[in-house]
There are 2 protein chains.
Amino acid sequence: MVTERQRVSIFDVAKMAGVGVATVSRVINSNPRVSPLTRMRVEAAIEALGYHPSRLASGLSKGRQDMVAVLVPFITRPSVVARLEGVIEVLDRDGFGTAVYSVRSLEQRDRHLDYLMDRHAAIGVVVISIPLTQLHVERFRTNGVYLSLIDTASEGVPHVVVDDRTGGCLAATHLISLGRRRIGFIGDEDLTGLGFASSYKRLCGLEDALNNYHLEHDRSLVRLGRHGSLEARQLCDQLLELDRPPTAIFAASDTQAVGVLASAEAHAIRVPDDLAVIGFDGLEISSILGLSTIEQPLYESGVEGAKRLLQQLDGREVEQVKHVLRLELKARSTTISTHALSKSGA
Amino acid sequence: MVTERQRVSIFDVAKMAGVGVATVSRVINSNPRVSPLTRMRVEAAIEALGYHPSRLASGLSKGRQDMVAVLVPFITRPSVVARLEGVIEVLDRDGFGTAVYSVRSLEQRDRHLDYLMDRHAAIGVVVISIPLTQLHVERFRTNGVYLSLIDTASEGVPHVVVDDRTGGCLAATHLISLGRRRIGFIGDEDLTGLGFASSYKRLCGLEDALNNYHLEHDRSLVRLGRHGSLEARQLCDQLLELDRPPTAIFAASDTQAVGVLASAEAHAIRVPDDLAVIGFDGLEISSILGLSTIEQPLYESGVEGAKRLLQQLDGREVEQVKHVLRLELKARSTTISTHALSKSGA
DNA sequence: TTGTATGCGTTATCAT
DNA sequence: ATGATAACGCATACAA
C-alpha cells in the first residue's frame with residue numbers, strides 16, 4: 001500500500017550533483033572550502049531530491065548528537081513550565097532539539113539520569129528543580145556529557161538560582177512591617193524524596209525575618225502538604241479554624257496562595273484586613289487576583305540555564321558558575337488595603 | 001583535565017565476555033536464542049563495564065529511532081501542558097523518549113514538521129492543538145513516519161478530540177436555562193495563523209444554543225483577543241462598560257474566565273447575580289474559584305493520543321481513527337447562586 | 001577545491 | 001546457540 005520510498009542519502013545527492021559525498025557533507029555543514037558553483041549544484045540536488053541529512057548517522061559519526069535532555073519534576077506546575085519554555089526556546093534557536101523527561105520519583109530520576117549519562121543519548125542535560133547527588137555529577141563529567149542546573153545546585157556545576165531564603169525573608173518582613181505578628185506558612189511536604197528545597201528555604205527566610213524582629217515563631221502555624229491549590233486550601237482551613245488563627249499567611253508559591261485565598265473567602269475572612277496573604281513566583285494569576293508575591297524571573301531562568309549549557313558545548317568556560325537571579329516584592333491588594341488597586345496590579 | 005574515558009562499545013563487552021558482538025546484541029534485545037549461561041556472562045560484563053548501548057547506532061542500524069516528537073503550541077497554557085503530561089507519561093512507560101517542539105508561528109510549525117518528516121529524526125510525531133495541511137500528512141505517510149493528533153484533526157489520521165461545538169452549546173444552554181439572555185463571549189483571536197479552532201467552535205456552539213431558543217445573537221457581545229487572563233480581563237472591561245452589558249459571559253477557556261471574574265470584581269458586579277460566568281476546560285483553578293465550566297479530560301487526551309501512536313508502531317491498525325472524549329458541565333457558584341457552594345466545588 | 005576510504009556502534013544475515 | 005561480516009548514513013583524515 002504505502003510505498004515506503006527508499007531513503008535519499010548523501011550518496012544520492014552526490015551522484016546527482018556529480019560530486020563526492022565529502023563535498024555534499026561540506027555543503028551541509030557550511031564548510032567554506034567549497035567553490036560557489038559546486039555549492040549551488042549540490043544545493044540544487046538536495047532541493048530536487050528532498051534530502052534530509054540523518055541526524056542519527058551524523059551523530060554517530062561525530063560521536064554526539066544534537067539533542068539536549070531536560071529533566072523536569074511535576075511538569076504541570078506553572079513555574080516549571082515557564083522555565084521549560086525558556087530552555088526550549090533558546091535551544092531551538094541554536095538548532096538543538098529538546099527531549100523532556102518527566103520525573104516524579106527518585107527511581108525515575110535515577111533511571112533517566114543513568115540513561116542520559118551517554119553522549120549518544122544527549123549531548124547535554126538541563127536539570128530543573130531536581131537535586132542531584134555528587135555521584136551523578138561525577139559520572140556526567142567523566143562521560144563528557146554537559147550539565148546545566150536550574151533552581152538546584154551542585155558543586156562546580158553551572159547553575160542558575162534565586163535566593164529563596166532571602167525571598168522568604170523579604171515576604172515575611174513585608175508582612176511584619178504591616179503589623180502582622182502571627183504568620184502562618186503553607187509549603188511543600190517532601191513526599192517524593194525529590195526534596196522541595198525551595199519551599200524549605202523560604203520557610204527559613206520567614207524565620208529569619210521573625211528573628212530579626214525578635215518575634216517568636218509559632219510552629220503550629222506551619223503546614224506542609226502536597227503542592228497544589230486544593231491541598232493548600234485544606235491546610236489553610238486548618239489554620240483559620242485554630243483558636244488563635246494567624247493574621248497573615250505566607251504561601252510557598254502562588255499556586256498555594258490561591259488556595260489560601262479560597263479558604264479565606266470560604267471562612268468569610270476579609271483579605272487583607274483580617275488576613276494578609278503573600279505568595280511566591282509571580283505567576284500571571286497573582287497579577288490577576290491582586291495577590292502580593294515575591295516575583296522571580298522564571299522564564300529567564302530557563303533562558304539562562306540553556307545558554308550556560310550552550311556555552312559549554314562551544315567549549316567556552318562558563319564565566320559564572322553560580323548565577324543568581326533577582327527577586328522582587330510585588331505588594332498588591334492581599335497585603336495592602338488601599339485604593340485604586342486595580343491599577344497597581346501590574 | 002577531564003579524562004574523556006573512551007566509550008565502551010558492544011565490542012568491549014563481547015571481548016570481556018568472550019563472545020561475539022552478535023550475542024551481546026541478542027542479550028541486549030532480549031532475544032531468546034541465547035543460552036542462559038552465556039546470557040549471564042554477557043550481563044556481568046555489561047554491568048562491570050557500565051555499558052550503555054548507543055541509541056544512535058542502534059537507530060541507524062534499524063533505520064529508525066526511539067524518540068517521539070511532540071509538536072505543541074503555546075506550551076505555557078495549562079491545557080496544553082496537561083495534555084503533554086499524558087503523552088510523556090505513556091511514551092516513557094514504553095521506553096520512548098519525548099522530544100518537545102514548541103511552535104508559535106506557521107513558519108516554525110513548517111520548519112519543525114519538515115525536520116520531523118524523517119524516521120531518523122523521530123519514529124513518530126504527536127501533534128497537539130495545531131492544524132496540519134493535507135500536504136503535511138501525505139509527506140508523513142510516504143516517509144513512513146507515524147502521526148497522531150490531539151485536539152486537531154485531519155482526514156484519515158488517528159486523532160482524539162472533544163466536540164467543542166457541542167460543548168459551547170452546553171455552556172450556553174446552561175446560561176440560558178438560568179434565564180440569561182444577553183450572553184457575552186470572550187475567545188481567542190487568530191493572530192498566528194495557527195487557528196484557534198476550538199475557540200471558534202465553542203462560539204458556534206453558543207450560537208447554536210441561542211438559535212435553539214430562538215434568541216437573537218448580539219454580535220457586539222463577542223470579543224476576541226490574545227489568549228490569557230489579562231487580555232480577557234480587558235475585553236471583559238469593554239463588555240461591562242457597554243450601555244447594555246451582558247448578563248452572562250461564556251469564556252472560551254478557564255484562563256480567560258479568570259480574567260472575566262477579575263473584571264467583574266473590579267466593576268463591583270456581583271457574580272452570579274448580575275453576571276453569570278462560565279469557562280471551559282476544567283482546570284484546577286476553576287474548582288478553586290468555584291468557576292462553572294465545561295470540563296474536558298485533558299490529561300486523558302494526551303494518554304489516548306500517545307497510545308494511538310504506539311499502536312501504529314506496533315503495526316496494529318488503530319481501531320478508531322476518530323476518538324471523541326466526553327465533556328461535562330460543572331455548574332458551580334459563578335452561575336448558580338445557592339448555598340453550601342464550598343462543598344459542590346468538586 | 002575535491003574525492004576516496006575508514007570509522008562511528010549497532011543490527012541482521014548468513015554461516016557454522 | 002553462536003560468530004563473522006555487511007549494511008546503516010554521515011564526517012573526516014588523507015590524498016590528489
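**Entry 1: DNA strand C**

I began with the contacts of DNA strand C in this predicted model. A side-chain N or O atom of S25(B) lies 2.5 Å from a phosphate oxygen of DNA strand C. I10(B) also reaches a phosphate oxygen of DNA strand C, here through a polar backbone atom, at 2.5 Å. For a contact with a base I turned to R26(A), where an N or O atom of the side chain is 2.6 Å from a base oxygen of DNA strand C.

I then looked up the surroundings of the strand. There are 28 residues around DNA strand C, and those that come nearest are T23(A), T38(A), I10(B), S25(B) and S61(B). Of the atoms of DNA strand C within 4 Å of the protein, 61% belong to sugar and phosphate. I noted that α2 (21–28) and α4 (55–62) of chain A, and α2 (21–28) and α4 (55–62) of chain B, each give at least two residues to the surface near DNA strand C. Sorted by class, that surface has 14 polar, 10 nonpolar and 4 charged residues.

**Entry 2: DNA strand D**

I asked which residues come nearest to DNA strand D. They are I10(A), Y51(A), S61(A), T23(B) and T38(B), out of 28 residues around DNA strand D. Sugar and phosphate make up 64% of the atoms of DNA strand D that come within 4 Å of the protein.

Next I recorded polar contacts. A polar backbone atom of I10(A) is 2.4 Å from a phosphate oxygen of DNA strand D, and a polar backbone atom of S35(B) is 2.7 Å from a phosphate oxygen of this strand. At S61(B), a polar backbone atom is 3.4 Å from a base oxygen of DNA strand D. Two or more residues of the surface near DNA strand D come from each of α2 and α4 of chain A and α2 and α4 of chain B. I list that surface as 10 nonpolar, 14 polar and 4 charged residues.

**Entry 3: the two copies**

I superposed the protein chains. A turn of 180 degrees with a shift of 0.0 Å along the axis lays chain B on chain A with an RMSD of 0.1 Å. The two copies are therefore related as by a two-fold rotation axis. In chain B, A99(B) has the C-alpha nearest the axis, 2.0 Å from it. I also found that 100% of the interface residues of chain B are interface residues in chain A too, so the copies meet through the same surface.

**Entry 4: cysteines**

How many disulfides does the structure hold? I found 0 over all chains. For C204(A), the nearest cysteine sulfur is that of C169(A), 11 Å away. C204(A) is buried, at 10% relative accessible area. C236(A) is buried as well, with a relative accessibility of 0%.

Conventions. Residues numbered from 1 in each chain as written. Chains lettered and ligands numbered in written order. Predicted model: local features only at pLDDT ≥ 70, side-chain atom pairs only at ≥ 80, totals over all residues. Heavy atoms only, no water. Disulfide = S-S within 2.5 Å. Buried < 20%, exposed > 50% of the residue type's maximum accessible area, 1.4 Å probe, protein only. Least-squares fit on C-alpha atoms with pLDDT ≥ 70 in both. Contact = heavy atoms within 4.5 Å. Near = heavy atom within 4 Å. Polar contact = N/O pair within 3.5 Å; in protein donor to acceptor, adjacent residues only side chain to side chain. Helix = DSSP H or I, 4+ residues; strand = E, 2+ residues; numbered from the N terminus. Nonpolar A, V, L, I, M, F, W, Y, C, P; charged D, E, K, R; others polar.
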